[in-house]
Amino acid sequence: MSDQTMWGIRAGRRGEADHIFLKENSVALGWDAVDELSSLAASRDTFKAAVSKAYPSMNSNAVPGTAGQLFRFLHEMQVGDTVLYPSKLDKLVHIGRVEGDYKYDPSLNKSFPHLRPIRWLESAPRTSFSQGALYEIGSALTLFQVRNYADEFRDTLQGTTTAPPVDEDDSVAPVVEDIEQSTRDFISKALSQELKGHPLAHFVAHLLNVMGYHTRVSPEGPDSGIDIIAHPDELGFKAPVIKVQVKSTEGKVGRPEVQALFGSVGRGEHGLVVTLGRFAPPAKDFERNNPNLRLIDGEELMDLLLAHYDQFDPLYKGVLPLKKVYVPQSPTE
């Protein structure tokens, strides 16, 4: 069985198809507006067209992923493959084997009509597995291939798996790093796509507001390189005045752009450049030589965002919907 592909699959966001999985001995996919898959030509483009037709309001970026999962369920999942089902209801990881070909049967549950018969071989509590294995089967996809920790799940079938003690689980640190990086990737994408251009200046001004500064955002258009004026008092009389330039580029910001802003900074004033990208080494050198200049790149911007997220206006929480969770502390911290 070690030569067979291992799949992870979900039974809906809240385990709606759990009965089909465990009582009817089948794994199932939803997307019930797509009719019988076996009637479609065996090409991903055909599946994409079918999904687009069935769900005309679906985001175009989501269509390939949905079509790909349906395609794999029919054409790539093979009899004899191993299937992992982490149940949200009984909190067990169920391990089974694909016993037959695809069939379309909405009679069991009309919301999950796409089925493959399964013979369940073993069930184990989640505590039987390392944190890395649990993270891998926690994929956001409904159907996904398990690769990194496949041997750990296979060992469970042979009765040889023993989860490492928490303080000896080497997978904890990578899991925490993956979660944090996934969050940062999401934030970066949302900022670059939803707040491109002048809206990013308003977002940075809001961030400065929750940090205790008062701000004025320049009107969109020519602004002599100054997007925001920030100051510590409500009327703007108290020093220091901070002149801010915001760049929504994801590339490198060089010294010339930084110098252009700094040329507008007067005696007793401060300059701040904020970018979603990075600063080239000459720009960083220029910052070091001018103590009233501050450069904030994309990574530091995210640090500040996460530190002050709880104080954000609902408008920006809607653009960046984040949920506070607790993750294991890396043993190296």
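By the ring-pair rule used here, the count in this predicted model comes to nine aromatic pairs. Rings of Phe, Tyr and Trp (its six-membered ring) pair if their centres lie within 6.5 Å; planes under 30 degrees apart count as stacked, over 60 as edge-to-face and the rest as tilted. One of these pairs is formed by Phe203 and Tyr316, whose rings are edge-to-face, with 5.3 Å from centre to centre and 70 degrees between the planes. Phe203 belongs to helix α7 and Tyr316 to helix α11 (residues 314-319), so the pair ties together parts that are 113 residues apart in sequence.

Both partners can be placed by their accessible area. Buried means under 20% relative accessible area, exposed over 50%, and partly exposed in between, with a 1.4 Å probe and protein chains only. Phe203 is buried, at a relative accessible area of 0%, and Tyr316 is also buried, at 10%. Ring pairs link Phe203, Tyr309, Phe312 and Tyr316 into a cluster. The ring of Tyr309 has a further neighbour: the charged end of Lys317 sits over this ring, 5.5 Å from its centre. A charge sits over a ring if NZ of Lys or CZ of Arg is within 6 Å of the ring centre and within 35 degrees of the ring normal.

The model as a whole may now be introduced. Residues are numbered from 1 along each chain as its sequence is written. As the model is predicted, local features need pLDDT of at least 70 and side-chain atom pairs count only at pLDDT 80 or more, while totals for chains, interfaces and linings use all residues; side-chain values use heavy atoms, with hydrogens and water left out. The protein has 11 helices and 14 strands; helices (H or I, at least four residues) and strands (E, at least two) are DSSP runs, numbered from the N terminus. Of its 333 residues, 43% are buried.

How are the strands of the open sheet ordered? Its five strands follow the order β8-β9-β10-β12-β14, with mixed pairing. β8 (214-217) and β14 (293-296) stand at the edges with a single partner strand each, so one side of each is left without a neighbour in the sheet. From one strand to the next, the twist averages 20 degrees. Two strands pair if DSSP finds at least two bridges between them.

Strand β10 shows the mixed pairing in detail. Three bridges join β9 (residues 228-231) to β10 (residues 242-247), and these two strands run antiparallel. Ile229 has Lys243 as its bridge partner in β10, and Ile228 stands opposite Val244. Six bridges join β10 to β12, and here the strands run parallel. Val244 stands opposite Leu272 in β12. Five of the six residues of β10 are buried.

Helices accompany this sheet. Helix α7 (residues 198-210) lies across β8, β9, β10 and β12 (270-275), running at about 170 degrees to β8. Helix α10 (residues 298-308) packs on the sheet and touches β12 and β14, its direction making about 85 degrees with that of β14. Contact means heavy atoms within 4.5 Å; axes are lines fitted to C-alpha atoms, for helices over the stretch in contact, and angles run from 0 to 180 degrees between N-to-C directions.

Finally, the backbone deserves attention. Most residues other than glycine have a negative phi. Asn25, in the loop between α1 (18-22) and β2 (26-29), has a positive phi near 50 degrees. Asn25 is partly exposed, with a relative accessible area of 37%. Trp31, in the loop between β2 and α2 (44-54), likewise has a positive phi near 50 degrees.
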